[in-house]
Amino acid sequence: QSQEGLDAARKAAKGNSADFELDDGLGESGNIPEEKHCILRFLENFFVLLLLPFIWIYDIFVLVIGGRLFRCGSVIYKSARRQGNLFLNGMPPYECTARVTTVNIIVLCSMWYMFIDQMRLAFFPRQA
């Protein structure tokens, strides 16, 4: 345990980081080194030339087309919900009624005769 070790421990305990030397990537003159500057220029050009057009296309899609699709989708959803409600509750135009009238009975009998006649011709022998 030397005096220097104790001083370093006290500084660390106090949390005073101003006395420590940190490597911030800057050269001795305070400028960015040329190698890092080239890399930063490359990354900047990469983002500007390659990624920004895709971000713009995405923004246009979300703001313009996405809003319209949402509105159309909500209108379709509301319409389908309304039609389903009308259908399930038997309201017009989906109401089903049956009236027994003379004309309906005549039509029903003629349809019955038409189907039975076809069955007789197709499946029964001639003598029947």
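Of the 128 residues in the protein chain, 2% count as buried. The model is a predicted one, and its protein chain exposes about 12500 Å², with carbon and sulfur atoms supplying 66% of that area. The secondary structure comprises 3 helices and 0 strands, so that the order of elements from the N terminus on, under the DSSP-based assignment, reads α-α-α.

The second of these elements, helix α2, covers residues 34-89. Helix α2 contains 56 residues, and the distance from its first C-alpha to its last is 77 Å, close to the 82 Å expected at 1.5 Å a residue. The helix nevertheless carries a kink: a bend of about 45 degrees lies at L51, shortly before the proline P53.

The residue L51 also belongs to a nonpolar surface patch of about 1200 Å². Its other members are I39, L40, F42, L43, F46, F47, V48, L49, L50, I55 and W56. One of them, I55, is found in helix α2. Is I55 buried, exposed or partly exposed? With a relative accessibility of 42%, I55 counts as partly exposed, because this value falls between the limits of 20% for buried and 50% for exposed residues. The value also passes the requirement of over 30% relative accessible area that applies to patch residues.

Further along, G84 is placed in helix α2 as well. G84 is partly exposed, its relative accessible area being 28%. The C-alpha atom of G84 is separated by 9.9 Å from that of Y94, a residue 10 positions away along the chain. Between these two in the numbering comes G90, which follows α2 and has a positive phi, near 70 degrees.

The last part of this account concerns helix α3, which spans residues 102-123. How many salt bridges does a search of the whole structure find? The search returns 1 salt bridge. The side chains of R120 and D117 meet in a salt bridge, with a distance of 2.7 Å from N to O, under the 4 Å limit used to define such a contact. Why can these two side chains be related to the helical repeat? R120 and D117 are 3 residues apart in helix α3, and therefore about one helical turn separates them. An α-helix has 3.6 residues a turn, so residues three or four places apart point the same way. R120 is itself partly exposed, at a relative accessible area of 38%.

Key: Residues numbered from 1 in each chain as written. Predicted model: local features only at pLDDT ≥ 70, side-chain atom pairs only at ≥ 80, totals over all residues. Heavy atoms only, no water. Helix = DSSP H or I, 4+ residues; strand = E, 2+ residues; numbered from the N terminus. Buried < 20%, exposed > 50% of the residue type's maximum accessible area, 1.4 Å probe, protein only. Areas by Shrake-Rupley, 256 points an atom, 1.4 Å probe, with all protein chains shown as cover. Patch = residues over 30% accessible without salt bridge, like charges linked within 9 Å, V, L, I, M, F, W, Y side chains within 5 Å. Expected span 1.5 Å × (residues − 1). Bend = angle between axes of the 7 residues up to and from the residue.
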